[in-house]
Amino acid sequence: MKEPGEYYRVTRERLAGMMREANDEDWRTPVPACPGWDVHAVVSHLVGVVEDAMAGRITGAPPPEITAEQVARHRSTPPEELLATWAAIAPGFEEIITSIDSFAAALDVGAHEQDIRGALGRPGARDSELIRVGAERMVGMLDCGTPLAFDVGETAYLNAAAAERGLDAGDDVLRARTTAFEVFRLRLGRRTRDQVRALEWSRDPGDLVDRLFIFGPAERPVVE
């Protein structure tokens with residue numbers, strides 16, 4: 001498993017490489033997973049997070065007012081300048097998030113890469129190590145009062161209650177068969193309640209659905 005800064009760097013470079021080939025229309029494309037934002041706004045936010053962290057203005061996830069300011073700050077910044085700024089300042093940020101073991105920063109850039117790919121209809125990196133490791137970690141930290149397992153291929157991602165109970169506990173463990181990508185997206189609020197209910201569950205998840213989201217849920221279906 002990589003360090004947080006390495007996950008961030010690999011994802012940043014992949015996303016930036018794709019955006020260097022994007023045209024003006026691509027940059028103006030609305031992003032359904034981030035209502036009210038276009039692709040330029042999402043990249044502006046990513047750059048703004050690094051700028052603000054390096055300047056000491058934030059020490060964690062930025063609140064909505066700072067996020068909005070990040071987008072406004074770079075509204076008129078040309079795409080090539082935006083990408084150049086990100087490339088120049090990100091290495092120091094990547095060193096910091098590794099030193100403080102901030103996996104959340106890697107999850108954020110991974111989420112926004114997929115937001116942009118979904119908006120542009122350019123799927124990719126859905127089986128990246130960040131997606132797989134991030135999905136498993138986000139299930140492990142899920143405290144929903146119910147033993148829960150997501151069956152991903154031949155692997156089971158378990159929350160703490162399921163790990164303690166053991167998968168041989170039968171019906172006591174609520175299970176859903178899906179993909180690491182879907183787990184990653186739903187945990188970060190890129191799915192609606194109905195989309196999550198539509199997964200292949202071992203039994204009706206009921207109100208548990210509302211406890212599966214770190215952010216969100218999405219108000220409208222995000223189809224990728």
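Is Gln114 buried or exposed? I began my notebook with that puzzle, keeping in mind that this is a predicted model.

**Entry 1: Gln114**

I looked up the accessibility of Gln114 and found 1%, so Gln114 counts as buried, the cut-off for buried being under 20%. I then located Gln114 in helix α6. Next I listed what Gln114 touches, setting aside neighbours within four places in sequence. The contacts are Gly124, Ala125, Arg126, Ile131, Phe181, Arg185 and Glu224.

**Entry 2: Ala106, on the same helix**

I moved along to Ala106, which also has its place in α6, a helix that covers residues 103-120. Ala106 has a relative accessible area of 0%, so I wrote it down as buried. Which residues does Ala106 touch, not counting those up to four places away in sequence? I found Pro4, Tyr7, Tyr8 and Leu130. I also checked a pair that is far apart in the chain: Ala106 and Glu3 are separated by 103 residues in sequence, yet their C-alpha atoms are 9.4 Å apart in space.

**Entry 3: helix α6 as a whole**

I stepped back to view the whole helix. α6 has 18 residues, and from its first C-alpha to its last it reaches 26 Å, close to the 26 Å expected at 1.5 Å a residue. Why can I call α6 largely enclosed by the rest of the structure? The reason is that 15 of its 18 residues are buried. Just after the helix I came to Gly121, which takes a positive phi of about 65°.

**Entry 4: helix α3**

I gave α3 (residues 39-54) the same check. Its 16 residues should span 22 Å at 1.5 Å a residue, and I found its end C-alpha atoms 23 Å apart, which agrees. Of those 16 residues, 14 are buried, so α3 is largely enclosed by the rest of the structure.

Then I looked at both ends. At the N-terminal end, Asp38 acts as a cap, with a side-chain oxygen 3.3 Å from the backbone nitrogen of His40. After the helix comes Gly56, whose phi is positive, near 80°.

I picked Glu51 as a residue to follow within α3. Glu51 counts as buried because its relative accessibility is 18%, and the cut-off is under 20%. Beyond its neighbours within four places in sequence, Glu51 is in contact with Arg57, Arg73, His74, Thr85 and Ile89.

**Entry 5: the largest pocket**

How much space lies in the largest pocket? I noted about 1,300 Å³. It is lined by 43 residues, and those closest to its centre are His45, Ala61, Asp108, His112 and Phe215. The elements giving two or more residues to this lining are α3, α5 (79-99), α6 and α7 (129-140). My helix from the first entries turned up again here: α6 gives the most, with seven residues. I also sorted the lining by class and got 30 nonpolar, eight polar and five charged residues.

**Entry 6: Val196**

My last stop was Val196, found in helix α10 (residues 193-197). With a relative accessible area of 1%, Val196 is buried. Not counting residues up to four places away in sequence, Val196 touches Leu186, Arg191, Trp201, Val209, Leu212 and Phe213. For one of these, Leu186, I looked up the spacing too: Val196 and Leu186 are ten residues apart in sequence, and 7.2 Å apart in space from C-alpha to C-alpha.

Technical notes. Residues numbered from 1 in each chain as written. Predicted model: local features only at pLDDT ≥ 70, side-chain atom pairs only at ≥ 80, totals over all residues. Heavy atoms only, no water. Helix = DSSP H or I, 4+ residues; strand = E, 2+ residues; numbered from the N terminus. Expected span 1.5 Å × (residues − 1). Buried < 20%, exposed > 50% of the residue type's maximum accessible area, 1.4 Å probe, protein only. Polar contact = N/O pair within 3.5 Å; in protein donor to acceptor, adjacent residues only side chain to side chain. Contact = heavy atoms within 4.5 Å. 1 Å grid on protein atoms, 1.4 Å probe; cavity = no way out; pocket = protein on both sides within 12 Å on 5 of 7 lines; lining within 4 Å. Points joined across faces, edges and corners; volume = space filled by probe spheres on them. Nonpolar A, V, L, I, M, F, W, Y, C, P; charged D, E, K, R; others polar.
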